[in-house]
Amino acid sequence: MGILEKIAEIEKEVARTQKNKATEYHLGLLKAKLARYRAQLLEPTSKSGVKGDGFDVMKSGDARVALIGFPSVGKSTLLNTLTNTHSESASYEFTTLTCIPGVITYNGANIQLLDLPGIIEGAAQGKGRGRQVIAVARTADLVIIMLDATKSEVQRELLEKELEAVGIRLNKRRPNIYFKIKKGGGLSFNSTVPLTHVSEKLVQLILHEYKLFNCEVLFREDCTADEFIDVIVGNRVYMKCIYVYNKIDQISIEEVDKIARREDSVVVSCNMKLNLDYLLEVVWEYLALIRVYTKKPGEHPDLEGGLIMRRNCTVEHVCHAVHRTLAADFKYALVWGSSTKYNPQRVGISHVLQHEDVIQIIKK
């Protein structure tokens with residue numbers, strides 16, 4: 001029996017097993033086996049790996065956004081509209097067969113947008129170049145899942161299931177569990193909160209499935225067995241996701257209003273260029289980017305350029321962005337903007353900057 005057949009068998013057993021106190025240990029073991037087989041499936045079978053032509057796109061710009069969706073939902077049209085790149089778009093499926101990069105220029109930042117080939121059901125098992133598509137998605141800072149507003153929620157559920165199967169966790173944060181493998185001493189299990197989903201026995205059974213017998217485990221929050229398995233495997237990617245519903249010009253205004261009120265969702269029409277400005281605002285917000293302007297003594301701030309930084313960046317991060325030796329020679333900085341009580345304010349190297357602050361660095 002191959003890995004795919006084993007995965008299918010376990011998924012069937014998980015689906016038909018009732019969830020209650022008596023079956024929680026059995027389900028925990030099944031989920032651990034399932035995660036292990038999926039990890040084996042994703043490992044390249046040869047040294048050359050599973051790379052395809054056009055998928056090895058070099059990361060460039062200030063951030064990378066991956067466009068994922070089923071065929072013919074409007075990914076290529078969105079890329080053509082937001083960037084100066086031409087990605088062939090047509091009414092038939094699988095028009096895009098390789099990864100096509102484009103660059104969005106917004107608030108002075110260059111955001112790399114990747115138009116990936118359409119995903120089909122079973123992509124996590126390698127169907128329809130799905131494995132290469134998902135491998136590129138793991139390198140992105142943000143995922144945009146493109147959906148057809150005229151179709152049911154089945155598309156969204158299937159895409160979430162495919163990405164979940166390969167270790168991409170959308171709009172979730174990393175479980176607060178301390179886990180360390182030791183050389184001896186058996187299992188040391190503790191928790192700082194009451195646990196309702198797992199017990200010490202279940203944790204021990206899951207660890208045994210991975211042939212781990214000497215470990216230190218500390219639960220700092222009430223996590224599930226699935227979240228604990230994610231911590232053991234360790235290669236999970238936690239990333240932000242925006243659900244973009246295209247073709248809103250083909251549905252009623254009541255349906256548009258209903259979709260737009262959903263969490264992490266944006267409604268657009270690529271053909272009629274509706275709501276694309278708002279989509280760029282949301283992308284900027286989800287990427288957590290800010291723009292910081294630099295100023296030389298006695299001169300006006302450089303408002304044409306500016307540095308693109310991550311939210312909650314400090315003066316030290318700006319020093320490294322300007323020049324790698326600047327932090328060592330740093331004396332103090334003068335900052336104008338919303339991060340200070342008065343302008344200018346003399347600050348230290350650990351001062352946290354905000355969007356559109358102006359900074360002047362003074363060296364020793």
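Start with the salt bridges, of which this predicted model holds eleven when a side-chain nitrogen of Lys or Arg must lie within 4 Å of a carboxyl oxygen of Asp or Glu. Side chains of opposite charge can pair when their charged atoms come close.

**First stop: helix α7 and helix α2**

Select aspartate 226 and lysine 31 and show their side chains, which meet in a salt bridge with a distance of 3.5 Å from N to O. Then colour helix α7 (residues 225-233), where aspartate 226 is found, and helix α2 (residues 24-42), where lysine 31 is found, and you will see a pair that links distant parts of the chain, 195 residues apart. Are these two residues buried, partly exposed or exposed? Aspartate 226 counts as partly exposed because its relative accessibility is 36%, and lysine 31 is also partly exposed, with a relative accessible area of 23%.

**Second stop: a loop and strand β12**

Next, select aspartate 141 and arginine 310, whose side chains meet in a salt bridge at 3.7 Å, N to O. Aspartate 141 sits in the loop between α4 (130-137) and β4 (142-148), while arginine 310 belongs to strand β12 (residues 307-310), and this pair links distant parts of the chain that are 169 residues apart. If you switch on a surface here, keep in mind that aspartate 141 is partly exposed, with a relative accessible area of 26%, and that arginine 310, at 36% relative accessibility, counts as partly exposed.

**Third stop: back to helix α7**

Now select aspartate 230 and arginine 169, whose side chains form a salt bridge of 2.8 Å, N to O. Aspartate 230 lies in helix α7 and arginine 169 lies in strand β5 (residues 168-170), so the pair ties together parts of the chain that are 61 residues apart in sequence. Both aspartate 230 and arginine 169 are buried. Which residues share a network of salt bridges with these two? Add Glu164, Lys172 and Arg236 to the selection, and you have the linked network that also contains Arg169 and Asp230.

While helix α7 is still on the screen, select valine 233, which is found in that helix and which counts as partly exposed because its relative accessibility is 24%. Measure from the C-alpha of valine 233 to the C-alpha of glycine 167, and the distance in space should be 9.4 Å, although the two residues are 66 apart in sequence.

**Fourth stop: helices α3 and α9**

Hide the salt bridges and show helix α3 (residues 75-82) together with helix α9 (residues 276-287), whose axes come within 12 Å and cross at roughly 90°. An angle from 65 to 115 degrees counts as roughly perpendicular, which means that α3 is roughly perpendicular to α9. Which residues make the contact? On the α3 side, select Leu78, Thr81 and Leu82, and on the α9 side, select Leu276, Leu279 and Leu280. Colour this set by residue type, and the contact of α3 with α9 divides into five nonpolar residues, one polar residue and no charged residue.

**Last stop: the whole chain**

Finally, zoom out and colour by secondary structure, which shows ten helices and 15 strands in the protein chain. Of the 364 residues in the chain, 46% are buried. The accessible surface comes to about 19,400 Å², and 50% of it belongs to carbon and sulfur atoms. Among contacts between residues at least 6 apart in sequence, 64% join residues at least 24 apart.

Definitions and conventions:
Residues are numbered from 1 along each chain as its sequence is written. This is a predicted model: local features need pLDDT of at least 70, side-chain atom pairs count only at pLDDT 80 or more; totals for chains, interfaces and linings use all residues. Side-chain values use heavy atoms; hydrogens and water are left out. Axes are lines fitted to C-alpha atoms, for helices over the stretch in contact, and angles run from 0 to 180 degrees between N-to-C directions. Helices (H or I, at least four residues) and strands (E, at least two) are DSSP runs, numbered from the N terminus. Angles under 35 degrees count as roughly parallel, over 145 as roughly antiparallel, 65 to 115 as roughly perpendicular and the rest as oblique. Contact means heavy atoms within 4.5 Å. Ala, Val, Leu, Ile, Met, Phe, Trp, Tyr, Cys and Pro count as nonpolar, Asp, Glu, Lys and Arg as charged, and the others, Gly among them, as polar. Buried means under 20% relative accessible area, exposed over 50%, partly exposed in between (1.4 Å probe, protein chains only). Accessible areas come from the Shrake-Rupley method with a 1.4 Å probe; for residues, only the protein chains shown count as cover.
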